[in-house]
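User: I'd like to learn how to read domains, interfaces, helix packing and sheets in a model. Could you walk me through them?

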Amino acid sequence: MSEVPLLEVTGLATHFHTRAGVVKAVDGVSFSLKRGEVMGLVGESGSGKSITGFSIIGLIDPPGRVENGSVKLEGRELVGLEPAELRKIRGKQISMVFQDPMMTLNPMLTIGAQIRLALEAHEKVSGAEARRRAVAALAQVRIPDPEGKVDFYPHQFSGGMRQRVAIAIALLHRPKLIICDEPTTALDVSVQAEILAEMKELVAELGTALIWISHDLAVVASLADHVCVMRYGKIVETGRTLDVLTRPQHPYTQALLDALPSRAEPGTLLAGGAGAEAAPPPRIAADATTTTGDTAHYVQIEHVAKRFAQTPGLFRKLAQKLGLAKSPDAVQAVDNVTLVLKRGEALGLVGESGSGKSTLGRVAAGIYAPDSGRVRINEAPVMSAGDRPHKVTTRVQTIFQDPFASLNPRMTVGDSIAEGPLAHGLIERAQAKDYVRQWLAAVGLDPAFATRYPHQFSGGQRQRVAIARALAMQPDVVVCDEPVASLDVSIQAQIINLLIRLRQELDLTLIFISHDLSVVRHLCDRVAIMYRGRIVESGPAGEIYERPQHDYTKRLLAAVPVLPSAPVN
Amino acid sequence: MLGHVAIRLLQALVVMLVMSALVFVGVYAIGNPIDVLIGPDVSQELRLQTIARYGLDRPLWEQYFTFLARVLHGDFGRSFVFGMPVMELILSRLPATLELTLAAVLGAALIGIPAGIYAGYRPDGWAAKLIMTVSILGFSVPTFWIGLVLIMVFAVELQWLPAGGRGETVPIFGVEWSFLTANGLSHLLLPALNLAFFKLALMTRLARAGTRETMLTDTVKFARAAGLSEWTVLRRHVLRLIAIPLVTVFGLEFASTLAFAVVTETIFSWPGIGKLIIDSIQSLDRPVMVAYLMLVAFVFITINFLVDLAYVGLDPRLRKGGAR
């Protein structure tokens, strides 16, 4: 075909000049896109996929700079264009949608005002005309009651709705190309499924070309005609989506696919997640649990309820008494939940954001005191009774989602790991150093890292440290709150493997909280589905995934994007 | 919203009450006003009479409650020195200070915020570096020294502007204002500039920090990606997003300048409230001191309340009743 492609990128190189040297974020990327075509740009964090998107629309902030190469839109060169000329193209011919809809819209302005600003960027419109167009734009992205919603502020919308508004703004001027930078990553699966379906329809309807940047192969597979896989600023493989995902040519693509838990046999170690880990230190005799109670009812969570309400201050109480102020709204996060875990079992707690799964996990771990009900491990309560209950056992520990937030940035990781065991007398100060070294080795880190600070580690290494810190307390039960949610697929595979191994070696009982159904399927024996503070369904993992009973579970499973099945190897 | 206002009013009442007690006891502890009021050579009888006339022979708590009861009727007593009602005295001096303070704080905001936004928008340009250097001077050079230099340069050497006083005033609603005459404005300029210098530096730095942070957010990136011009991005997005800390500092600075413009007023012999309070402390004029400090507390509470209302006006997330 001799037709001029809509977008032609050749040898694009974007470098960041930092004090530490030049970072080649995008290093010679070439691809082309036809009118109305959907292309997936896949890679892990740091692969340069987002920077590629920003380079195309000329929004690279210093110290970054497009060094080389060309970006042609319908034959017109965009690299080196005057800022004013580029601005005329942005939003009009190429527009962009970002990852986090909570951050992209200005919280201070109404949706209508923001749409109007975007309209006025390229045309002169009257107030009434702008409003009419805004309503039409909202209607186009399936926002119910668009006339009323125009005057809403972003915080009055849910995440999915906000992302729809962002898409509506991106579509305002009927651009020829939309670049979507992980637009559904911050959303729940069911919302993601809706947006994906709508996006597909809109693109087909308007004939807009789409570059869909994502780390999630399955999402890209459900949308894109062809796909480019990026690594270290270069495209390592490109081709038709089905071909790339079923017959990958490049070993990196193969490794990415192998690291996905959804493609592996549940419970097995994931490929590519191998690490050199030593055995954990032996259990400390004094603490070694002589399991007396019955192992079938090892962890008992009985009729737990937790409600969050603001405690009113003195003056507010007074005003409430006088009828001048209303009491603030309360949130019923967990509503009468009962769960029992066998010793050594791994229970997956699945739900979308706001379902109460994290709150339940924290109650189980003795971080929050439940309003009613109780939690016991091996017949012993996790929290003391009384008005101000506190945690009375070290046998349950927690691994949090964000290790950067959960590790003290001013403490060496060695001190962080030793802190708890020292405070509870599990080890003597003299032993601490060796103990820490053993644990670091057990989670696959160099024992010499003990003197480093959290910021000196990568995300995956930090999560390993967090695991070591939790396990150094010699727990029997570990609550994992989305421990792999913020990690890249290959790192995620390593952490999952580590958890599988440590769980076997230490005979741990796991409560694994996640929104990611495939990770839970891989790691857990049993699954409990949470919805609005209640458990709607629970049972053996295989059964729930094969034959879901509750409507919500069915919807949740249907919403998960699936990879095209690979030919059996 | 109404409930919120009610709560704030209750809190304000309690604060005012506590403040009145603290002030009264504190002032009571300083010196003996009788020694200032009458000469040392008067007879013992006259001395006792004077003490009784001012109620100074009563126990402290009784004096306090008498004071409180009178205050509730709007009577803060008479100045020992001037012999006129305290409220009248203070209100006659307040407009001069109000005028000076408003000129200083508004000037600082109107110059400092744009300068700060610019410095945050182009942090590596020479103009930004110049702005930041000047703002460091504004922080570190003492007010009285700048005042003296301003007088030396503009009043003594160049003789462009007067060195002190309010100049011609025009009455509006029975209150005299300087800013309505050219002569009055020329008198206002130097002291206002002197007062504004520190605030200018503060506003500039705050606006710069906020802008630098905001420019990196997705909100700004998204606006740029939609093709908005840089000017629109700064005016409609950035300014709104950095407004809350600016409003906070504006309110606090306004209140504290209103209450404590003493140094500048002294240097430029501006007949404001700051000079009055210094004089009354020297002469142990208790009613003036008490009334003045109560007024300061009142001003702070009022301005804080207004700032809170401004938050609600600026940030829709603080408004209640939004349907999801």
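User: Which domains does the domain assignment of chain B give?

Analyst: Happy to help! This is a predicted model, in which local features need pLDDT of at least 70, side-chain atom pairs count only at pLDDT 80 or more, and totals for chains, interfaces and linings use all residues. Residues are numbered from 1 along each chain as its sequence is written, while chains are lettered from A and ligands numbered from 1 in the order in which they are written. The assignment for chain B lists domain 1 (2-72) and domain 2 (86-318); such bounds come from an automatic or database domain assignment. Taken over C-alpha atoms, the centres of these two domains of chain B are 33 Å apart.

User: How many residues of each domain of chain B does the contact take?

Analyst: Domain 1 of chain B gives 13 residues and domain 2 of chain B gives eleven, where contact means C-beta atoms, placed from the backbone, within 7 Å. On the domain 1 side, α1(B) gives the most, with nine residues. That side divides into ten nonpolar, two polar and one charged (nonpolar: Ala, Val, Leu, Ile, Met, Phe, Trp, Tyr, Cys and Pro; charged: Asp, Glu, Lys and Arg; polar: the others, Gly among them).

User: And how many residues are in contact between the chains?

Analyst: In general, the size of an interface is often given as the accessible area lost when the parts come together. Here we can count residues: 30 of chain B are in contact with 34 of chain A. The largest share of the chain B side, seven residues, comes from α1(B). By class, the chain B side has twelve nonpolar, ten polar and eight charged residues.

User: At what angle do the axes of α7(A) and α8(A) cross?

Analyst: Two packed helices are described by the angle between their axes and the distance between the axes. For α7 (159-171) and α8 (189-206) of chain A, the axes come within 10 Å and cross at roughly 20°. That makes α7(A) roughly parallel to α8(A) (angles under 35 degrees count as such). Residues making the contact include Leu171(A) of α7(A) and Leu202(A) of α8(A).

User: What is the strand order of the open sheet in chain A?

Analyst: Strands of a sheet pair through backbone hydrogen bonds, either parallel or antiparallel. This four-stranded open sheet runs β12-β11-β14-β15 in chain A, with antiparallel pairing (two strands pair if DSSP finds at least two bridges between them). β12 and β15 of chain A stand at the edges with a single partner strand each, so one side of each lacks a neighbour in the sheet. β11(A) pairs with β12(A) over seven bridges, and Val304(A) has Val337(A) as its bridge partner.

Notes: Two residues are in contact if their C-beta atoms, placed from the backbone, lie within 7 Å. Helices (H or I, at least four residues) and strands (E, at least two) are DSSP runs, numbered from the N terminus. Axes are lines fitted to C-alpha atoms, for helices over the stretch in contact, and angles run from 0 to 180 degrees between N-to-C directions. Angles under 35 degrees count as roughly parallel, over 145 as roughly antiparallel, 65 to 115 as roughly perpendicular and the rest as oblique.
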